[in-house]
Every structure is written in structure tokens, then in C-alpha cells.
Amino acid sequence: MAIAASGAVSFSDLRTEFSGAGAISFSDLYRGGTLVRGNAANNTATNLAASVPTSGTINFTNFRSAAKGWRKTFASGATNQNASTIFGSDYGVNYPKEIVINSGVTLGATSTSEEALEINTGGIGSITVTNNGTLIGAGGAAGADGGDAFEALVACTFINNGTVQAGGGGGGQGGAGGNGSSETVTYRSYHSSNHWQRGGRYGIANNEIVVRWSDSVVLNLYGGGGSYPSTITSYGVWRRGSLFSTSGNYGYYAVGQASTTSTSGGSGGAGGVGAGYLQSVSNGSSGSSGGTNAGAGGAGGNGGGFGASGANGNSGANGNSTNGAAGGSGGSGGKYIRGISFVTFTNNGTVAGGTA
């Protein structure tokens, strides 16, 4: 608690504020000593006892409104902040430290491997964060997890009077469509050199099929009584065409040769991105069409809002050869506080996401 700005100031007040024990004198209270600390060269925070001289004349007036500690106030936006960089070499000094984010100010994370603000290892002494502005984690790319807004790796107090939003997870990739195939048949009109013959060997109807192609017998099936009924119109690559004539137990037809073309399923659509710092949430894109008789790719999943998981991608459509693939999983939403076991948290504002 700061020394009063007006009224009487006593050595008892100074002893209470600056943690002196027993009798103290002004010579014990110069800034830069063991009771009233100075700032290391790389400490960017404001010394709350900056009015106290480092040498020379010193009196009670120098201590009005002074307090023990360092305070970093963010009056404009910043990214990827961590306490050890803010306080420099003084981060490991047992002395109170404060971080204040002003109203209307945003701290953001520019990647999911960073946080808007991290209270990292090595801090000693009380650490208090007061957020009156906004902390925002990074949004996840397609299929990726959203980033965290705040992380603590040492004990600290966090008072939120503003907004703390984790990044949203990205939507999952759409599944590929199933593969297809198509058949092309080249027919030749009935000729003694090219035909499909439904036979009746030994006077038994429908017990034989003979296919002749380019004057060569390419198929000769004999199965006994009635094994190859007139309903059979294809065998292997050979296809029965239109009827040319019949004679007794025999039928003569045009003949065709089939070829099969394989086609690929369509690609799955990309997932949308999650909401995050300088990144708006987006919907997944549509999958592409497949080839003939192949399935279209599934649409990508939509990205998640602040702190929410992205949607899974949609499965690809089935083809006539294989089934479509399942869509990919959406990314998880980030945490508005990671390291909650280190944090004494008071929330007077808005949060989005979870804790871990």
C-alpha cells in the first residue's frame, strides 16, 4: 500500500511499506539500496518509489505516494509478452511486481506457441496482474488447436476486469471421396468371326457359352445341363450384344469387349481457421468433385470461435469402388488460463475458453 499523498508520514509508515525491521533511518532508505530497490538496466517497469533519491538530501516529502514495487503499465497494444522480459534481471529479485493492462488496450499472441501474456519461470516475490483491457490467444490453423491467452508457471495473482479470450481451434480437413470406375464396351456386330453363342451341346439348352473374337475362341464354357441360362449377358470382359438369330438350342449374338477406367475421388475441403488475435473465424471450404462414379470430397469443418473447438471435417461421398474417407478432427480451443494451479484468479470480466 502506497505512502499517503498528504498528511503526516512517519518512520513507522516507511518501515511498514518497505519491510524494514527495527529502527531505520533515512540512510537505509535511499533508492537503490536493499529496502528501496532501484531498477536494473533491463527492467522496463516503473519504480513505484521513483521519487526517492539515490543519494544526497532525503526527507519524508520524497516518500509521498511512493510504494514498494515495480509496475509495468500497458497503455498501448503489444504481443507475446512475458514477465521475465518486462522486469529483466529484477524478475528474480524478491520485490513486488505488478502488470497492468489499461482499458482499451489489447495484448495478443501471434502464434499458438505463444501467449498474450506469460508469467514465466524464475519470478520471485509477489506478482500481480490486473487486466482492464483484453488478452487474446492465437487462433488455430485448419485442424490445429487454438492458442492460450495467459499462462503462469510461478505463483501470481490475476485480477480480470476486462476480457480474456483463448484462440479457437481450426476446423478439420474434409475426407477424400471414394474411388470410382467406369466401363466402356466396344461391340462388334454378329459375324462368324465375332459373336456370342449361347449353346445347347448334346441337345441340352443353355449349357454352353462360346465367345469368338477376331476369329479366335476367347471363351468356351460348358457346364452341363442348363448351367448358362439365357439371362447371362456378361462373363469376364465379354459382353453379349443384340440377338442375331436362333437355331434350335442355339442363340447367336453380337459381342462386346469391356475395358474399365478407374477414377479418383475428390479432395476434401480445407478446414476453417479459429478465431484469434487479428484472425477472424472462418468456415471450411467445399470438397472437390470426383471422377466418373467417384465420390466428391467432404467439406472442411468450420473453425471455432474464441476458446471453442473447431468442427470435424465431413466424410467424403462413396464411389462405386471404395467408400469415402472420414473427415479430420477439428482442433481444440485454447485456454484462457494455462497453469491455473499457480494462479489466484478473480474474474470481474469476460472469459472464453477453458483452464488447464
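Start by selecting Asn131, which sits in strand β8. Bear in mind as you click around that this is a predicted model. Is Asn131 buried or exposed? Its relative accessibility comes out at 0%, so Asn131 counts as buried. Now show what surrounds Asn131 beyond its neighbours within four places in sequence: the contacts are Ile101, Phe158, Ile159, Asn160, Asn161, Gly162, Thr163 and Val164.

Step back one residue to Thr130, also in β8, which spans residues 127-131. Thr130 has a relative accessible area of 19% and is buried; the cut-off for buried is under 20%. With residues up to four places away in sequence left out, Thr130 touches Ile99, Val100, Ile101, Ile159 and Asn161.

Next, select Ile101, a contact of Thr130 and of Asn131. Which residues does Ile101 contact, leaving aside its neighbours within four places in sequence? Light up Phe74, Leu107, Leu117, Val129, Thr130, Asn131, Asn132, Gly133, Thr134 and Leu135.

Ile101 is also your way into the largest nonpolar core, which has 43 residues. The members that touch the most other members are Phe18, Ile99, Ile101, Leu117, Ile119, Leu135 and Phe150, so colour those. Helix α2 (residues 83-87) supplies the largest share of this core, three residues. There's a second, separate core as well, made of 10 residues, with Trp213, Leu219, Tyr228 and Tyr253 among them. As background, nonpolar side chains in soluble globular proteins tend to be buried together.

From Phe18 in the big core, go to helix α1, residues 11-18. Which residues of α1 are buried? Pick out Leu14, Glu17 and Phe18. They span an arc of only 80 degrees around the axis, so they fall on the same side of α1. The general rule is that an α-helix has 3.6 residues a turn, so residues three or four places apart point the same way. Just past the end of α1, check the backbone at Ser19: phi is positive there, about 65 degrees.

Keep Glu17 selected, since Glu17 also helps line the largest pocket. How big is the volume of this pocket? The value is about 180 Å³. Show the rest of the lining around it: Met1, Ala2, Leu48, Ala67, Lys68, Arg71, Pro96, Lys97, Glu98, Ser126 and Thr128. Colour the lining by class and you get five nonpolar, two polar and five charged residues.

Now for the loop between α1 and β1 (46-47), where you should find Gly38. Gly38 is partly exposed, at 22% relative accessibility. Leaving out residues up to four places away in sequence, Gly38 touches Arg31, Gly32, Asn47, Trp70 and Asp90. For a distance check, draw a line from the C-alpha of Gly38 to that of Thr110: they are 72 residues apart along the chain and separated by 33 Å.

Last stop: Thr261, in strand β19 (residues 250-263). Thr261 counts as partly exposed, with 42% relative accessibility. How far is the C-alpha of Thr261 from that of Ser181? The two residues are 80 apart along the chain, yet their C-alpha atoms are separated by 5.5 Å. Ser181 also turns up in the contact list of Thr261, together with Gly180 and Ser182, once neighbours within four places in sequence are set aside.

Notes. Residues are numbered from 1 along each chain as its sequence is written. This is a predicted model: local features need pLDDT of at least 70, side-chain atom pairs count only at pLDDT 80 or more; totals for chains, interfaces and linings use all residues. Side-chain values use heavy atoms; hydrogens and water are left out. On a 1 Å grid over the protein atoms alone, a cavity is a set of points where a 1.4 Å probe fits but cannot get out, and a pocket is an open set with protein on both sides within 12 Å along at least five of seven lines; lining residues have an atom within 4 Å of a point. Grid points are joined across faces, edges and corners, and a volume is the space filled by probe spheres set on the points. Ala, Val, Leu, Ile, Met, Phe, Trp, Tyr, Cys and Pro count as nonpolar, Asp, Glu, Lys and Arg as charged, and the others, Gly among them, as polar. A nonpolar core is a set of buried Ala, Val, Leu, Ile, Met, Phe, Trp, Tyr and Cys residues joined through side-chain atoms within 4.5 Å. Buried means under 20% relative accessible area, exposed over 50%, partly exposed in between (1.4 Å probe, protein chains only). Helices (H or I, at least four residues) and strands (E, at least two) are DSSP runs, numbered from the N terminus. Contact means heavy atoms within 4.5 Å. The arc is that of the directions from the helix axis to the C-beta atoms.
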